[in-house]
Amino acid sequence: MLEVKHLSVKYGSIRAVEDASFTAESGSLVAVLGQNGAGKSTLLNTVAGLMKPAGGTVMFRGRDITGKESHLLVREGIVLVPEGRHVVGSMSVRDNLLLGTVRRSQYANLEKVFSLLPVLREKSGQRAGLLSGGEQQMLAIGRAVMSEPELILIDEPTLGLSPIMSASVLTFIRQLSDEGRTIVLVEQNIRQALKIADRVYFMQKGRTTDALSAVEVAQKLSFSFVSLSEGGAFEKQGPRW
Ligand SMILES: Nc1ncnc2c1ncn2[C@@H]1O[C@H](COP(=O)(O)OP(=O)(O)OP(=O)(O)O)[C@@H](O)[C@H]1O
Ligand SMILES: [Mg+2]
C-alpha cells in the first residue's frame with residue numbers, strides 16, 4: 001500500500017531525514033518511534049506532500065507519488081493529522097469536521113464520525129476552542145476521516161494529553177485501523193504505541209531501523225506488555241523516552 005524508499009529531506013543544509021525506508025501494508029497500523037528531533041514529523045510531512053524530498057521515492061498503491069502536493073494526495077486517499085492538532089478554535093465542531101471534506105457528497109460522513117465519536121455529536125454546535133485537549137485531538141482525527149482516506153498519517157496524537165485521554169485516543173486509532181484503514185502513527189510513547197501497532201520502526205538521526213514486531217521491541221527493551229487486541233490495558237502512567 002505505502003512504500004517509502006531511501007527518502008532524504010533537508011532544511012537548507014540540515015539533513016533531517018536520511019535514507020529512511022518503511023512500508024505499511026494495506027489495513028495495518030505501523031508505528032514510527034523515536035526521540036525529539038529524530039526526523040519523524042519531517043518524514044510524515046514529506047509523505048503527506050507538505051515537503052519535497054531531496055531524494056528517494058514514495059509509492060502508494062503501486063504508483064509513484066514522490067513530491068506530489070498534499071491537496072492532490074488527499075484526493076488519492078492520503079490524509080495527515082499534523083502534530084499539534086490545529087483545529088479552528090473559533091469555528092464549531094461540526095464546521096471543523098466539514099473542513100475535512102474534499103467533495104460535497106462527503107458531508108454525509110458527519111453521521112459516521114458522530115457515531116464513532118459521540119462526544120463530538122453532543123458538542124457539534126460548540127466552538128472547537130472550548131473542547132478539552134483530548135476532544136480536540138479526536139476532532140482532528142475525525143476531520144481526517146471525513147475525506148474517506150485509505151491511509152491516515154498521525155503525528156504524536158497523545159502529546160500533552162493525560163494518560164486516560166491518551167488511552168482513549170489510541171484506542172480510537174486502533175478502531176480506525178480495525179475497520180480497514182492503513183495507519184502510520186508517529187509516537188514518542190513507546191509502551192502505549194506498542195499496544196496498538198502491528199509493526200514498528202525506530203528513527204534515529206533521520207534514519208529508520210528495519211521493521212520489528214511489537215513483541216520484538218518489548219524483548220529488546222526488556223519489558224513485557226499485552227497488546228490491546230489480546231486484552232491488554234493502557235498503563236496509568238506510560239513512561240516516555
Ligand atoms: N523548519 C525547520 N527548519 C530547520 N530545521 C528543522 C525544521 N524543522 C525541523 N528541523 C530539524 O530537523 C530535524 C528533525 O525534526 P523533526 O521535527 O522532523 O523531528 P521529530 O522527530 O518530529 O521531533 P519531535 O519528536 O520533537 O516532534 C531536527 O534536527 C530539527 O531541528
Ligand atoms: Mg515531531
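Visitor: What share of the 241 residues in the protein is made up of buried residues, and what makes a residue buried?
Guide: Buried residues make up 42%. The test is 20 or more other C-beta atoms within 10 Å of the residue's own, with C-beta atoms placed from the backbone; 12 or fewer means exposed, and anything in between is partly exposed. This is a predicted model: local features need pLDDT of at least 70, side-chain atom pairs count only at pLDDT 80 or more, and totals for chains, interfaces and linings use all residues. Residues are numbered from 1 along each chain as its sequence is written, while chains are lettered from A and ligands numbered from 1 in written order.

Visitor: How do you know that the radius of gyration agrees with a compact globule?
Guide: For 241 residues the globule value is near 18 Å, and the protein has 17 Å, so the two agree. The radius is taken over C-alpha atoms, and the rule is 2.2 Å times the number of residues to the power 0.38.

Visitor: Why are strand 1 and strand 2 called paired?
Guide: Pairing needs at least two DSSP bridges between strands. Strand 1 (residues 2–11) and strand 2 (residues 14–24) have seven and run antiparallel. Strands are DSSP runs of E, at least two residues; helices are runs of H or I, at least four; both are numbered from the N terminus. Strand 1 also pairs antiparallel with strand 4 (residues 55–60), over five bridges.

Visitor: What makes a residue count as near ligand 1, and which come nearest?
Guide: Its C-beta atom, placed from the backbone, must lie within 6 Å. Of the 13 residues around ligand 1, Tyr 11, Ala 16, Lys 40, Ser 41 and Thr 42 come nearest. Helix 1 gives the most to this shell, three residues.
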